[in-house]
Amino acid sequence: MSQPTNGHYANGQNSSVNGVSHVEKFNIESIPEIKIPPRVLMGAGPSASYPEALRAMSANTLGHLDPEFLSIMGNVGTMLRRVFKTQNPITGAIPGTGTAGMEAALCNLIEPGDEVLSLVFGYFSNRMKQMSERMGGVVTAIEREWGTAFTIEEVKAALDKMKNPKVVTVVHAETSTGILQPIDEIIKLAHERGALVVIDAVTSLAGCPLLVDEWECDVVFSGTQKCVGAPPGLSPITFSARAMERIRNRKVPVQSWYFDMSLVETYWGDSSAGGRAYHYTAPSNALFGLHEALRMTLLEGVENRWARHEMHSQAVMAGLLTLGLEPFAQEGYRLWQINAVKVPKGLDDLAVRTRLLRDYNIEIGAGLGPVKGQIWRVGVMGYSANRANIFLLLGALENILSDMGQKVEKGAAGEAASNVYLDYDRKKNASTEAPIALEVSEDNAPVIGEAIPAESVAQGVAHQE
Ligand SMILES: Cc1ncc(COP(=O)(O)O)c(C=O)c1O
């Protein structure tokens, strides 16, 4: 094959290693158009995206300084403040997934040599510890058994042993174990010692109470793909005034140019301060999707959204326990959005998850690290948190477990979940709610409207409640 002088190859890659030429035959016709299978996402994330978000993402791309885009970005910030429950001006969404938010938060707050306290009780809290070390922090890590939460006394004892703690890292909702770590007392304590707190809210944002201003959180980062209901790719993040002051008074510049908030804020900031400066090409279509997911969240109401996660968690756990599965996470600290249960002894974890995916299109989460093969994590998050999904999963699991020789009473898991919903419905005065919405057509004749958005069929099931 002759090499074209412009450096481009007509067909195939031609490279030379040690004088030997390798030609790899490549035919674009052999690569089919992608066809995405429908999936019911009930794992540790991502969850299903709102059809509104997906639709918005398929719009034409806008430039990062287009006035229309800037107004969309401004509204994303405004809506994020409401979901985070904060007035922090420096609130937005960083390109990259939740881990990018973690990098951004830690690299801005930690200076080389700073004393950092890391609370490690699962996979993601350990990631925060590792990152803090890479950023030059002098890290004291306290550890807890996976599936349990820290007490305030344990955090106090650790802080008491430190000379000048600057940063505390904590995961609010530890996805790897299904634990909700209370953080308000930890923040108070840290502030008394002069330390700022970086909070991982990847799984907690929009899924359970998170009160950024009331709890005086310093930096909180999240992800779009869990309880918010947009695809992965952005990391919502908010910096308190205290955190921004610390960043502006750093002795050495933030090592990461991309994530340096003193630079990012020149793009995010209000244009009245002399115009926005280009910092990076904002992923406009991803922001369109987040815009819509946040709009849906606020239309539902943040508190209602939390309550929806609680209700579906109670229902799914009632069903899972009826199937003979035991909870993994410590009682009193269980997340609503991630329901962790132990894999019964002698049962092949992978075989069950494979059958769920292959035969029912359902994804659930496996155990990570030390609990690999030992737990399942059932996510009821965002758009995926609905009754239809819960019944689908419980029915599928019942069939699979029974087929694999587990003792299960047919129909009992679904009934247990039903009872939870019936209870909720009764309390809510179910008589006012028709299961099928009646819509009024243009000629004013009532029509039976389908409560299930058509797009949802592609995602397996619909979002209701
Ligand atoms: C608590 C927590 N923190 C951080 C992350 C990392 O986020 P991402 O995978 O979006 O980078 C995850 C992802 O599941 C998470 O659950």
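Modeller: Quick ground rule before we look at this predicted model: Ala, Val, Leu, Ile, Met, Phe, Trp, Tyr, Cys and Pro count as nonpolar, Asp, Glu, Lys and Arg as charged, and the others, Gly among them, as polar.

Biologist: Okay, so how do the residues of the shell around the ligand divide?

Modeller: Into five nonpolar, six polar and three charged. There are 14 residues around the ligand, and Thr 97, Thr 99, Thr 175, Asp 200 and Lys 226 are the closest.

Biologist: What makes the pair between the side chain of Thr 99 and the ligand a polar contact?

Modeller: The cut-off is 3.5 Å between N or O atoms. In the Thr 99 side chain, an N or O atom sits 2.5 Å from an oxygen atom of the ligand, so the pair is within 3.5 Å and counts. Gly 98 joins in through its backbone, with an N or O atom 2.9 Å from a ligand oxygen.

Biologist: And how much of the ligand does the protein cover?

Modeller: Of the 390 Å² of accessible area the ligand has on its own, 87% is covered. Helix α3 gives the most to the shell, with three residues.

Biologist: Let's move to α13. How do you know that its length agrees with a helix?

Modeller: Its 16 residues, at 1.5 Å each, should span 22 Å, and the end C-alpha atoms are 23 Å apart, which agrees.

Biologist: Why is Ala 416 in α13 called buried?

Modeller: Buried means under 20% relative accessible area, and Ala 416 is one of the α13 residues in that class, along with Val 420 and Tyr 421. What covers the buried residues of α13 includes α10 and α12.

How values were computed: Residues numbered from 1 in each chain as written. Predicted model: local features only at pLDDT ≥ 70, side-chain atom pairs only at ≥ 80, totals over all residues. Heavy atoms only, no water. Helix = DSSP H or I, 4+ residues; strand = E, 2+ residues; numbered from the N terminus. Expected span 1.5 Å × (residues − 1). Buried < 20%, exposed > 50% of the residue type's maximum accessible area, 1.4 Å probe, protein only. Contact = heavy atoms within 4.5 Å. Near = heavy atom within 4 Å. Polar contact = N/O pair within 3.5 Å; in protein donor to acceptor, adjacent residues only side chain to side chain. Areas by Shrake-Rupley, 256 points an atom, 1.4 Å probe, with all protein chains shown as cover.
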